[in-house]
Amino acid sequence: MQEYDLFVIGGGSGGVRCARIAAQNGARVGIVERRHWGGTCVNIGCVPKKLMVYAAEYGRSVDDARKYGWDASVHGHDWASFIASKDKEISRLNGIYVSLLEKAGVDLFTGEARFIDSETIEIGPSPLEPNAKPQKIRAKNIVVATGSTPTKPSIPGAEYGIVSDDAFHLEERPQRVAIIGGGYIGVEFAGIFAGLGSSVDLIYRQEHPLRGFDDELRTHLSEQLPLYGIKAHPQKTPEKIEKTETGYALHLEGGAVIEADCVFFATGRHPRIENLGLEKAGVVVKDGRIPVRIINSATNVPGIYAIGDVTAMYNLTPTAIAEGHLLAERLFGQAGREWSFATTPKAVFFSQPLASVGLTEEEASKNHKIDIYTSSFRPMHQTLSGREGRAFMKLVVDSESQVVLGAHMAGPEAAEIIQGLAIAVTAGLTKRDLDRTIGLHPTSAEEFVTMRTPTRHVGG
Ligand SMILES: Cc1cc2nc3c(=O)[nH]c(=O)nc-3n(C[C@H](O)[C@H](O)[C@H](O)COP(=O)(O)OP(=O)(O)OC[C@H]3O[C@@H](n4cnc5c(N)ncnc54)[C@H](O)[C@@H]3O)c2cc1C
Ligand SMILES: NC(=O)c1ccc[n+]([C@@H]2O[C@H](COP(=O)([O-])OP(=O)(O)OC[C@H]3O[C@@H](n4cnc5c(N)ncnc54)[C@H](O)[C@@H]3O)[C@@H](O)[C@H]2O)c1
């Protein structure tokens with residue numbers, strides 16, 4: 001039986017980083033992957049999704065270009081050729097992940113892993129290695145980095161609906177898409193399909209999409225949806241799906257029926273822990289996830305750790321990577337690196353991107369007297385193109401200390417801009433620091449350093 005200092009289950013964002021850093025620090029490391037190296041982000045998440053967002057924007061950009069004097073026109077989108085290009089890029093990235101691990105001296109295994117006991121793993125057949133002969137591995141430290149998987153509600157006809165995993169490999173682009181769920185995936189794919197020319201219905205339970213984001217930003221998004229050709233169905237819950245002669249009928253509670261060629265469930269994700277044998281290792285599972293201490297990723301069993309989506313704490317790639325990196329350094333290298341998880345920035349890659357860092361107005365006003373600064377404007381490139389829609393920016397500032405507690409934006413390059421603001425919020429900079437920063441003209445970003453008069457004072 002092979003023995004390791006560290007064995008990682010799951011070759012995704014968190015697992016790959018953890019294995020690589022541990023090996024670079026001299027540990028003997030093995031890692032197992034069941035399906036695709038690089039995990040969700042690279043294969044069926046962030047990366048192909050962002051490529052799809054780019055694809056979706058070109059149609060509108062050509063329209064804009066005409067207004068800027070170009071003799072350009074669009075004659076439809078070739079889904080099959082786009083998917084083939086996307087797949088080529090993803091398999092290039094798969095190769096990079098494998099070579100990164102190999103170069104670091106990590107042993108790679110393909111197959112489905114499960115615990116036999118708290119120090120022993122068995123690897124059996126999986127989609128990546130259907131004929132794998134079962135083999136056992138022992139390790140002093142084991143990291144569970146198995147990620148998460150889409151959740152479908154158990155309504156009649158749910159089997160007719162797809163999830164995000166399927167959306168990346170559809171044979172053709174559906175003409176009519178009904179997307180259920182107003183979270184990250186629902187909003188992003190609504191933008192993608194609408195941009196590519198599909199008719200899109202977006203169904204969600206709240207008054208506005210993106211629960212947990214700043215309420216004013218959410219309201220702004222609701223106002224923008226129709227401008228992108230998306231039909232919103234707020235405060236609606238799906239009841240059942242029926243197959244019809246022309247596609248599917250999605251019935252909503254209250255009686256409305258939406259006809260679609262594709263019903264897309266974007267109704268959240270749950271940790272992938274079934275069949276992992278956690279009970280054999282004695283690892284406690286609570287509410288379907290592995291609870292850990294963020295400070296050291298430790299489970300209740302000494303020597304067993306969990307990082308990334310399987311802990312259901314942040315569910316983002318950079319946080320999974322940071323958790324994996326921190327754990328490897330703490331176990332085998334020099335501990336001491338710090339990451340500010342509390343100021344993790346978030347972005348939703350909708351056609352008009354949205355991004356946030358720090359506290360929302362609702363969160364901040366519970367414990368602080370705050371000054372709110374807002375700005376809403378027509379982005380400059382739309383003046384000639386005539387495109388409708390406005391950008392929105394917001395700062396949440398502590399009234400007494402003037403520390404910037406949160407920054408929120410919807411508009412061109414919002415994610416790129418908020419990444420910069422995230423440094424300011426993480427560093428605890430004040431509104432005065434923003435005020436004394438000279439703007440970069442003409443940009444949308446300069447608005448964040450030129451908002452002088454509070455829109456309102458709240459809380460306390
Ligand atoms: C459509 C979509 C878009 C997203 N977009 C973004 C984005 O833009 N930005 C962002 O930050 N985050 C995004 N995310 C979230 C991000 O992908 C995840 O937070 C991140 O991948 C989590 O990393 P992880 O290492 O925890 O898990 P994963 O990357 O999911 O890796 C887990 C790996 O473990 C493997 N595995 C599972 N069980 C076993 C087993 N028993 N044996 C062997 N291997 C196993 C799986 O096959 C998988 O490859 C997106 C997610 C989705 C679904
Ligand atoms: N840009 C990014 O960083 C990005 C992009 C995609 C996904 N992700 C990550 O992946 C996670 C999963 O994304 P997601 O959009 O699936 O989840 P989510 O938690 O963001 O949104 C799920 C949505 O589904 C709704 N919902 C849940 N059960 C339902 C039901 N039975 N009927 C109707 N609606 C229901 C919820 O109210 C919510 O609006 C995210 O939380 C995020 O962490 C991140």
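Helices and strands here are DSSP runs, with at least four residues for a helix and at least two for a strand, numbered from the N terminus. Please keep in mind, as you look through these close-ups, that the model is predicted.

**The shell around ligand 1.** Start with the 36 residues that surround ligand 1, where G10, G12, G39, G147 and G308 come nearest. Several elements each supply at least two residues of this shell: helix 1 (13-24), helix 2 (39-44), helix 3 (46-67) and helix 9 (317-332), together with strand 2 (29-33) and strand 4 (112-117). Sorted by class, the shell has 16 polar, 13 nonpolar and 7 charged residues.

**Annotated positions K50, T146, G147, S148 and D309.** The unreviewed UniProt entry gives these five residues the feature "binding site". They span 260 residues in sequence and their farthest two C-alpha atoms are 22.6 Å apart, so they do not all gather at one spot. If you are looking for K50, you will find it in helix 3. G147 may look familiar, being one of the residues that come nearest to ligand 1.

**The shell around ligand 2.** Here 23 residues surround the ligand, and P153, G181, G183, I185 and N315 come nearest. Helix 6 (184-196) and strand 17 (346-348) each supply at least two residues of the shell. Helix 6 gives the most, with 4 residues. In class terms, 11 residues of this shell are nonpolar, 8 are polar and 4 are charged.

**Annotated positions from G181 to E188, with G268.** According to the unreviewed UniProt entry, the feature "binding site" falls at G181, G182, G183, Y184, I185, G186, V187, E188 and G268. These positions are spread over 88 residues of sequence, yet they cluster in space, with a largest C-alpha distance of 13.3 Å. Y184 belongs to helix 6, the helix that gives the most to the shell around ligand 2. G181, G183 and I185 also come nearest to that ligand, alongside P153 and N315.

**Helix 1 beside helix 4 (residues 79-103).** A pair of packed helices is described by the angle and the distance between the two axes. For helix 1 and helix 4, the axes come within 9 Å and cross at roughly 25°. Angles under 35 degrees count as roughly parallel, and that makes helix 1 roughly parallel to helix 4. The crossing of these two helices is left-handed. Helix 1 brings V16, A19 and R20 to the contact, and helix 4 brings Y97, L100 and L101. Counted by class, the contact has 5 nonpolar residues, 1 charged residue and no polar ones.

**Helix 3 against helix 4.** The axes of this pair come within 10 Å and cross at roughly 145°. The crossing is right-handed. On the helix 3 side, look for V47, P48, L51 and A55; on the helix 4 side, F82, K86, E89, I90 and L93 make the contact. By class, this contact has 7 nonpolar and 2 charged residues, with no polar ones.

**Two backbone spots in loops, at Q235 and P442.** Most residues other than glycine have a negative phi, and most peptide bonds are trans. Q235, which is not a glycine, has a positive phi near 50°. You can find Q235 in the loop between strand 10 (230-233) and strand 11 (238-243). The peptide bond that joins H441 and P442 is cis, with omega about -5°. P442 sits in the loop between helix 13 (431-435) and strand 22 (456-459).

How values were computed. Residues numbered from 1 in each chain as written. Chains lettered and ligands numbered in written order. Predicted model: local features only at pLDDT ≥ 70, side-chain atom pairs only at ≥ 80, totals over all residues. Near = placed C-beta within 6 Å. Nonpolar A, V, L, I, M, F, W, Y, C, P; charged D, E, K, R; others polar. Axes fitted to C-alpha atoms, helices over the stretch in contact; angles between N-to-C directions. Parallel < 35°, antiparallel > 145°, perpendicular 65-115°, else oblique. Left-handed = near helix turned anticlockwise from the far one by under 90°. Contact = placed C-beta atoms within 7 Å. UniProt positions renumbered as here; feature names shortened; annotations may be inferred.
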